[in-house]
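I opened this entry to keep track of what I looked up, one item at a time. The notes follow the order in which I checked things.

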Amino acid sequence: MLKGIPKILSPELLMRLCEMGHGDRLVIADANFPSASTGKDKYVLRMDGHSGQAVLDAILELFPLDPYCDKAVYLMEKVPGDQVETPIWDSYRESLRQAGYQPEEVLDFYERYQFYEESAKAYLIIATGESALYANIMLQKGVI
């Protein structure tokens, strides 16, 4: 046991977060995201019993966002015409605020297929059990 480490973060996840360097990206994927195929040549960690929100909150306790890029956080944009509600986005914005970031400064959107393409380049994909639609979020690591 370690003090100050969120219990939701497994030893393997902590190791992967430590391995990541400045500019590396991770994806916290919802349950519908094609994590295995998108991350077939990457690290994919399963956290099926956890929400994207819980995983994001825990990671933001340890993970600095990149201040040297245009945007360090990306969400998957809704497909044009899709009328699905996305309250998870407000929850993610609040998580960013709680971690000391201004969402309007660090957050942007990728079109669905661009999000998939960028996710395939990520260092790590975390497959959660999040059931909210459009709950995929990508973070770019900064420096301490």
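I started with Leu-26 and looked for its bridge partner in S5, which is Leu-124. This is a predicted model, so I read every value as computed. S1 and S5 run parallel, and 4 bridges join them.

Next I checked S6. There the bridge partner of Leu-26 is Leu-139. S1 pairs with S6 over 4 bridges in the antiparallel sense.

Is S1 buried or exposed? I found 5 of its 5 residues buried, so S1 is largely enclosed by the rest of the structure. I then looked at the faces of S1, and both are covered. Arg-25, Val-27 and Ala-29 are buried on one side. Leu-26 and Ile-28 are buried on the other. I noted the general pattern: side chains in a regular strand alternate between the two faces of the sheet.

I moved on to the whole sheet. It is open, has 6 strands, and its pairing is mixed. I wrote down the order as S2-S5-S1-S6-S3-S4. Which strands stand at the edges? They are S2 (43–47) and S4 (107–110). Each has a single partner strand, so one side of each is left without a neighbour in the sheet. From one strand to the next, the twist averages 20°.

I followed S4 to its partner. S3 (residues 73–76) runs parallel to S4, and 4 bridges join the two. One residue I looked up there is Val-73, whose bridge partner in S4 is Leu-107.

Then I turned to the helices. H1 (residues 11–19) packs on the sheet and touches S1 (25–29), S2 and S5. The direction of H1 makes about 145° with that of S2. H3 (residues 52–60) also packs on the sheet, touching S1, S2, S5 and S6. I noted an angle of about 150° between the directions of H3 and S1.

My next stop was Asn-136, in the loop between S5 (124–128) and S6 (137–140). Why does Asn-136 count as buried? Its relative accessibility is 3%, and the cut-off for buried is under 20%. The side chain of Asn-136 reaches the backbone nitrogen of Asp-30 at 2.8 Å. Asn-136 also touches residues including Phe-33, Tyr-74 and Phe-115. Asn-136 and Phe-33 are 103 residues apart in sequence, yet 7.5 Å apart in space, C-alpha to C-alpha.

Last, I looked for disulfides and found 0. Cys-18 is exposed, with a relative accessible area of 64%. Cys-69 counts as partly exposed at 24% relative accessibility.

Conventions. Residues are numbered from 1 along each chain as its sequence is written. This is a predicted model: local features need pLDDT of at least 70, side-chain atom pairs count only at pLDDT 80 or more; totals for chains, interfaces and linings use all residues. Side-chain values use heavy atoms; hydrogens and water are left out. Buried means under 20% relative accessible area, exposed over 50%, partly exposed in between (1.4 Å probe, protein chains only). Contact means heavy atoms within 4.5 Å. A polar contact is a pair of N or O atoms within 3.5 Å; within protein, one must be able to donate a hydrogen and the other to accept it, and residues adjacent in sequence count only if both atoms are side-chain atoms. A disulfide is a pair of cysteine sulfur atoms within 2.5 Å. Two strands pair if DSSP finds at least two bridges between them. Axes are lines fitted to C-alpha atoms, for helices over the stretch in contact, and angles run from 0 to 180 degrees between N-to-C directions. Lists of a residue's contacts leave out its neighbours within four places in sequence.
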